[in-house]
Amino acid sequence: MLRIGIDTGGTFTDFVVLENRQISIFKLPSTPHEADKALLEGLSRVVAQREGFLLQHGSTVATNALIERKGAKTLLITNMGFEDLLEIGRQNRPELYNLESSRPEPLVPAKRRIGIKERRLWDGSELVPLEPRSLSWLKQRIRQTAPESIAVALIYAYVNPESELKIAEALKDQEIPVSLSHQILPEFREYERSSATVINAYLRPIMSAYLSRLSGDETVSRGRLTVMQSNGGAVSAAAAAEEPVRTLFSGPAGGVLGAFRVARQAGFDRILSLDMGGTSTDVSLCDGQIRTTKEATIDHMPLPVQMIDIHSVGAGGGSVAWVDPGGLLRVGPRSAGADPGPVCYGTGEEITVTDANVFLGLLDPDWFLGGEFPLSPEKIRPAMEKLAGQVDGGLQSGLDQLAEGIRRIVNTQMEGALRLISLERGYDTRDFTLVSFGGAGGLHACELASSLLIPRVLIPAYPGVLSALGILTADVVKESSLSVLLRCDEENYGEELQKAFLPLIEDVRLKLEAEGFSGPPVRMEQSLDLRYVGQSYELQVPLDENPAERFHQQHQKTYGYSNRQLPVETVTIRVRGSASFPGIELPRFDLEGPEPAQDALIQEKAVFIDGRRLPTSFYLRNRLRPGNQISGPAILLEYSATTLVPPGFQARVDEWLNLILERE
């Protein structure tokens with residue numbers, strides 16, 4: 001079967017095509033203002049009049065709409081007296097000593113937050129009933145505000161959703177999409193649950209319209225369309241349109257899937273993934289398995305749905321270099337994107353990281369995207385001179401040093417992101433392999449590895465489209481959760497736990513059946529969120545015979561201490577069901593000699609590295625064979641990316657066609 005993985009990025013849209021175990025790749029410039037245009041153009045190249053193909057898509061539509069505040073006009077319905085919950089939040093200060101800090105405006109302004117007369121107690125029992133006249137009043141208010149989407153988040157709805165369901169039923173005739181908190185996130189903590197529900201409602205009309213256009217396209221309709229979720233699993237387009245909050249990190253999630261797969265195949269299961277694209281860099285740590293979290297935030301808003309643990313910084317190839325009011329050089333987080341793009345694209349006017357790499361000779365303008373995307377390096381110098389004139393006191397050391405300064409700044413930003421997910425969490429970077437991918441990652445990976453004492457760098461085959469390849473390998477995943485608050489030392493704990501899991505397992509089973517999967521291929525994983533009684537936050541552990549002991553061990557590993565004398569309680573239970581499409585096998589080759597073929601070396605020229613120009617060998621990566629070795633300084637060119645082998649490093653090609661870079 002023909003399978004196509006598509007990752008829509010801020011600068012390029014990546015395509016990976018698999019048919020008869022043969023992989024082909026290509027890239028097209030993204031079309032931010034018409035997100036589906038580049039996708040459909042690329043798809044038409046591949047499928048022609050074919051039918052029955054599988055299209056697996058990672059989308060940035062929801063992410064961009066949320067970050068740019070271009071979502072739907074949303075109305076929040078909550079309990080009377082709780083209308084300002086989104087604005088109050090947790091009263092956290094991200095910058096404790098910043099006297100001028102301010103939190104962003106909530107997605108729903110005060111005039112569109114409605115409190116309805118209804119209240120339930122902690123056990124779901126009714127304290128103040130929801131009356132028919134309240135529903136009539138509510139419908140009148142909705143007609144006055146004319147929202148495009150509605151979020152309903154009532155206190156203790158995760159225990160008893162009866163009132164939320166009554167509101168949804170009463171609003172059916174309004175023909176406005178309604179997101180219910182007990183369906184989006186049936187867990188306690190009303191602020192986080194309300195935030196997730198509001199984000200879903202805010203994005204739902206945008207995502208629904210986008211996926212409807214895609215699904216209705218003549219070409220797409222001849223195949224099957226799935227959408228990547230932030231948790232590393234795929235779902236149907238219809239399910240993604242209903243719950244877009246679960247797709248916010250779909251592209252980066254695909255990158256972690258792809259990185260972990262190729263690294264484990266090569267014999268490394270403890271990795272730091274570094275995905276440096278055009279707009280941002282996404283990093284993740286995998287210690288024998290892909291880690292998930294429910295404590296992510298986006299634009300200071302909590303996003304408490306299960307997702308792969310990814311940290312992002314605004315540092316990519318398209319990140320713009322600028323000078324602040326104090327005359328200091330800065331890079332990012334703003335990106336030139338695909339339009340107008342870097343200066344070397346021919347239409348941009350602001351220097352980017354990509355321009356700095358071209359100026360230093362690290363990127364060959366004649367081989368960008370295999371020569372299919374011609375660059376204009378002659379336009380960089382005037383823009384560099386303009387930027388140099390803005391630096392405090394002018395720039396005395398020359399344009400080469402300015403370009404290298406841009407590289408060092410962006411390296412520092414990426415190093416900080418890697419430190420955050422590793423050293424600052426108690427992991428020793430010397431025990432990990434840095435898996436670097438994305439179009440720009442290979443130009444910076446060895447410098448980052450040196451700074452953090454990471455012993456080796458792995459550059460996978462097809463590094464510039466690895467996220468699309470990861471999306472192509474994704475299972476279909478459905479999840480369900482419920483807050484239960486059960487003490488682990490209670491006499492009937494096991495029975496109560498089993499009883500609570502049954503409806504969740506059935507819910508996941510039905511959801512997978514709706515996706516076309518049933519029977520033994522479906523895999524169910526059960527887990528628990530546990531904490532010491534009185535703690536504010538939990539740790540997630542898999543369900544086994546002694547979850548409390550597993551929690552003590554995890555607490556010791558995470559925080560450096562545990563106390564088996566303290567009682568442990570189960571806060572939330574979780575079920576994750578998955579089913580796989582036919583597997584993908586990447587080819588393995590026999591190792592050959594260390595000397596590359598003569599035609600692999602295409603040129604030698606001086607390149608500015610570490611403050612000086614050095615004679616550097618340029619190789620075509622697709623002409624290197626497994627077992628070949630190359631000593632730096634060298635630059636390896638390929639269609640989707642460029643890799644720098646600095647002085648003192650050696651690159652070898654393994655049997656999977658990965659590049660392994662280590663100090664000589």
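Contact, as the word is used here, means heavy atoms within 4.5 Å, while helices (H or I, at least four residues) and strands (E, at least two) are DSSP runs numbered from the N terminus. This is a predicted model, in which local features need pLDDT of at least 70, side-chain atom pairs count only at pLDDT 80 or more, and totals for chains, interfaces and linings use all residues. Residues are numbered from 1 along each chain as its sequence is written, and side-chain values use heavy atoms, with hydrogens and water left out.

Helix 16 is a good place to begin. Its buried residues (under 20% relative accessible area, with a 1.4 Å probe and protein chains only) are Pro 547, Ala 548, Phe 551, His 552 and His 555. They cover an arc of only 145 degrees around the axis, which puts them on the same side of helix 16; the arc is that of the directions from the helix axis to the C-beta atoms. An α-helix has 3.6 residues a turn, so residues three or four places apart point the same way. The cover over these buried residues includes helix 15 (493–514), strand 25 (523–532), strand 26 (539–542) and strand 27 (568–579). Just after helix 16, Gly 560 takes a positive phi of about 85 degrees.

Elsewhere the backbone has further features to follow. Most residues other than glycine have a negative phi, and most peptide bonds are trans. Leu 369, although not a glycine, has a positive phi of about 50 degrees, and this residue lies in the loop between helix 10 (353–359) and helix 11 (380–390), where Leu 369 counts as buried at 8% relative accessibility. A cis peptide bond, with omega about 0 degrees, joins Gly 332 and Pro 333, and Pro 333 is found in strand 21 (residues 329–335).

Technical notes: Buried < 20%, exposed > 50% of the residue type's maximum accessible area, 1.4 Å probe, protein only.
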